[in-house]
Amino acid sequence: MHSLCANGCPIALVDSPWSVKFPDWKRNASSVDLELSYVVEGSFANGGKELPMNLLFGGNQTLRQREESFDLEPKKNIHCGFAQVDGPELIARKDQGYVSHCRFLVATGIFDNYDQPHQPSNVSRLAHKIFCFIMLADHVSVKTFEEGKFLVRDENEGNWVGMWRVIEMKSLPYDEARRNGKVPKLLLHRLFPKTRYSIWIDGKLELVADPLLILERYLWRENQSFAIAQHKYHRSVYEEADACKRRKRYARPLIDQHMEVYRKEGLQPWSEAKLPLQSDVPEGGLIVREHTPMTNLFSCLWFNEVNRFTPRDQLSFGYVLHRLRYKFPFFMFPNCEYNTLVALHKHVREHSSKLEWVKRMDDLQKLAKNEGSADKFGT
């Protein structure tokens, strides 16, 4: 073993990627037997009116369906995005073909030019050989990469920025870049069903640890299938919500509505009574997953909450745990280790949307009217 320590705290990693013992592919870190399928519908009832794209993508989940989705049953059919039969393809066929061979995946996303690409570092030759490094981006960001002269096209029409294979996402379901970014972040198992292990990093982050050593440390050594860091400052969802409002991270009235629902549905602030759970709030910029039925279920439920309420995904994580009666097995590691695994870079600009400045409901309604749609703002 050796210790990796950058800006965070030491992490005991194996000495070499070549000494990593790969687990049995038939292993199951979850004690819950689960057969998972996804809701796909040919049409959605809406009084003859055309539904907005976000509802077509999310499936227009009813409150009853939402309630039933949290029941842990041996067979589940749940909403998890991609709900429209013969809906538009988000990824080109050539890119689907490339990723179909990726069993190990490091993924990131850049939307609306909100971040600059950051190359992973300290990647071993073995990890470089077995991992795919995928950057999901919208058209605006890909065009900026081209104009910046750092996008390279290979002989098979694949786009690259350094180590990253850049995949442009088309026909995105939301008018907000922040929401579109949640599609690959939370639904990697839907985008890339052949992938077995994934490491997601937000676009503002640079991965500075070998991804194979990350899997060994946080999944295989702990016999887990999902790992995420504890938030640096907050343990209670409601504390994090207040911080999001203070820092203008999303529309205040929508955050208030979001939290009011969770209060009414019984989510209590974090306290020592919830131990051994260290926090209801994760540092969501780094997610380490084995794509098992149970982790896929959790990711779907998490996405459904983000789709229904605000795109601040850390506000929904603890609620999903609560609704699953804390039976979802996962490893929440110390925040200082998060800061050892990744380096944080500044966004290109401070705010990604006009919504982040909204303080009152009447301001939100004015913005929705000016933008020409109330559905996307939840008004």
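**Helix contacts and disulfide links**

In the contact between helices α9 and α12, Val 237, Glu 240, Ala 241 and Cys 244 of α9 meet Gln 314, Leu 315 and Gly 318 of α12. Sorted by class, the residues of this contact comprise 4 nonpolar, 2 polar and 1 charged. The model described here is a predicted one, and the values reported below are to be read accordingly. Helix α9 spans residues 237-246 and helix α12 residues 314-323, and their axes come within 9 Å of each other and cross at roughly 165°. Because angles over 145 degrees count as roughly antiparallel, α9 is assigned as roughly antiparallel to α12. The crossing in which α9 passes α12 is left-handed. Cys 244, one of the residues that α9 brings to this contact, has a relative accessibility of 2% and therefore counts as buried.

A second helix pair is formed by α6 (residues 177-186) and α11, whose axes come within 10 Å and cross at roughly 175°, so that α6 is likewise described as roughly antiparallel to α11. On the side of α6 the contact involves Arg 179, Lys 182, Val 183 and Leu 186, while α11 contributes Ser 299, Trp 302, Phe 303, Val 306 and Asn 307. The residues of this contact divide into 5 nonpolar, 2 polar and 2 charged.

Helix α11 also carries a cysteine that takes part in a disulfide, since Cys 300, which lies in this helix (residues 293-308), is paired with Cys 80 in the loop between β4 (75-78) and α3 (93-99). The two sulfur atoms of Cys 80 and Cys 300 are 2.1 Å apart, and the torsion about their S-S bond is about -80°, so the link is left-handed. The pair connects distant parts of the chain, with the two positions 220 residues apart in sequence, and both Cys 80 and Cys 300 are buried.

In total, 3 disulfides are assigned in the model. Another of these joins Cys 9 to Cys 336, with a distance of 2.1 Å between the sulfur atoms. Here the torsion about the S-S bond is about 70°, and the disulfide is therefore right-handed. Cys 9 is placed in the loop between β1 (2-4) and β2 (11-13), whereas Cys 336 belongs to helix α13 (residues 335-341), so the bond ties together parts that are 327 residues apart in sequence. The two partners fall into separate accessibility classes: Cys 9, at 14% relative accessibility, counts as buried, whereas Cys 336, with a relative accessible area of 31%, is partly exposed.

The disulfide between Cys 102 and Cys 132 has an S to S distance of 2.0 Å, and with -85° about the S-S bond this link is left-handed. Cys 102 is located in the loop between α3 and β5 (104-110), and Cys 132 in strand β6 (residues 131-137), the two positions being 30 residues apart. Cys 102 has a relative accessible area of 1% and is buried, and Cys 132, with a relative accessible area of 11%, is buried as well.

When the bonded cysteines of the protein chain are numbered in sequence order, the pairing reads 1-6, 2-5, 3-4.

Methods
Residues are numbered from 1 along each chain as its sequence is written. This is a predicted model: local features need pLDDT of at least 70, side-chain atom pairs count only at pLDDT 80 or more; totals for chains, interfaces and linings use all residues. Side-chain values use heavy atoms; hydrogens and water are left out. A disulfide is a pair of cysteine sulfur atoms within 2.5 Å. Helices (H or I, at least four residues) and strands (E, at least two) are DSSP runs, numbered from the N terminus. Buried means under 20% relative accessible area, exposed over 50%, partly exposed in between (1.4 Å probe, protein chains only). Axes are lines fitted to C-alpha atoms, for helices over the stretch in contact, and angles run from 0 to 180 degrees between N-to-C directions. Angles under 35 degrees count as roughly parallel, over 145 as roughly antiparallel, 65 to 115 as roughly perpendicular and the rest as oblique. Contact means heavy atoms within 4.5 Å. Ala, Val, Leu, Ile, Met, Phe, Trp, Tyr, Cys and Pro count as nonpolar, Asp, Glu, Lys and Arg as charged, and the others, Gly among them, as polar. A crossing is left-handed if the near helix is turned anticlockwise from the far one by less than a right angle, and right-handed if clockwise.
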